[in-house]
Amino acid sequence: MGGASRPKPACPHALRASVPGYPRHMCGICGWVDWRGAAEVAVVRRMAGRLAERGPDGEGVWRDPSGIAVLGHRRLKVLDLSDRAEQPMQDPGGDVLVYNG
């Protein structure tokens, strides 16, 4: 109705989260550990898919080369909007991490 438009929030999800009754989004993590080395990527991808509403901005899956563990993550970009925050994260030493927070 004329006038200046309101500035867009840095994160569109932040605006939605402030609306009463709107679903709250947050990242989601999942995984499978099987000491026999039989953890399956396809199963963890399905788990992560079930979390898509929680983390609509990205998905990542990592499998341990021995097959003992598969980690999955669904991302909601809130603070760090760059690709550097994609998960699972792996450091140069080979340690892998998924987290929600």
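**Exercise 1. Describe the surroundings of D34: its place in the chain, its burial and its contacts.**

Solution. Start with the place: D34 lies in the loop between β1 and α2, where helices (H or I, at least four residues) and strands (E, at least two) are DSSP runs numbered from the N terminus. Next, take burial. D34 counts as buried because its relative accessibility is 6%; buried means under 20% relative accessible area, exposed over 50%, and partly exposed in between (1.4 Å probe, protein chains only). Then list the contacts, meaning heavy atoms within 4.5 Å. With neighbours within four places in sequence left aside, D34 is in contact with A39, G67 and I68. Last, the side chain of D34 makes a polar contact of 2.7 Å with the side chain of R36. A polar contact is a pair of N or O atoms within 3.5 Å; within protein, one must be able to donate a hydrogen and the other to accept it, and residues adjacent in sequence count only if both atoms are side-chain atoms.

The model is predicted, so local features need pLDDT of at least 70 and side-chain atom pairs count only at pLDDT 80 or more, while totals for chains, interfaces and linings use all residues. Residues are numbered from 1 along each chain as its sequence is written, and side-chain values use heavy atoms, with hydrogens and water left out.

**Exercise 2. Give the order of helices and strands along the chain, and the share of residues that count as buried.**

Solution. Count the elements: the chain has 2 helices and 5 strands. Read along the sequence, they follow the pattern α-β-α-β-β-β-β. For burial, 30% of the 101 residues count as buried. For contact range, take the contacts with a separation of 6 or more: residues 24 or more positions apart account for 49% of them.

**Exercise 3. Assign the two sides of α2 and state what its buried residues pack against.**

Solution. The buried residues in α2 (41-50) include V43, V44 and A48. These residues lie on the same side of α2, because they cover an arc of only 140 degrees around the axis; the arc is that of the directions from the helix axis to the C-beta atoms. On the other side of α2, R46 and R50 are exposed. The buried residues of the helix pack against β1 (28-33), β2 and β3.

**Exercise 4. Find the residues of the largest nonpolar core and follow V70 and G31 through their contacts.**

Solution. A nonpolar core is a set of buried Ala, Val, Leu, Ile, Met, Phe, Trp, Tyr and Cys residues joined through side-chain atoms within 4.5 Å. The largest one has 6 residues: C30, A39, V44, A48, L51 and V70. C30 is buried at a relative accessible area of 14%. Beyond its neighbours within four places in sequence, V70 has contacts that include C30, A39 and V44, and G31 is also in contact with V70.

Now turn to G31, which is found in strand β1. G31 is partly exposed, with a relative accessible area of 37%. G31 and V70 are 39 residues apart in sequence, yet their C-alpha atoms are 5.4 Å apart in space. With neighbours within four places in sequence left aside, G31 is in contact with V44, M47, V70 and L71.

**Exercise 5. Work out how β2 pairs with β3 and which residues make up the two faces of β2.**

Solution. β2 and β3 pair in the antiparallel sense over 6 bridges; two strands pair if DSSP finds at least two bridges between them. Within this pairing, G60 stands opposite H73 in β3. The two strands form a hairpin with 5 residues between them, and G67 in the turn has a positive phi of about 80 degrees. For the faces, G58, G60 and W62 form the covered one, whereas E59, V61 and R63 form the uncovered one. In a regular strand the side chains alternate between the two faces of the sheet.

**Exercise 6. Is Q87 buried or exposed, and which residues does Q87 touch?**

Solution. Locate Q87 in the loop between β3 (69-75) and β4 (89-90). Its relative accessibility is 8%, so Q87 counts as buried. Not counting residues up to four places away in sequence, Q87 touches G60, H73, L97, V98 and Y99. Two of these are then resolved by atom: a polar contact of 3.2 Å joins the side chains of Q87 and H73, and the side chain of Q87 reaches the backbone nitrogen of Y99 at 2.7 Å.
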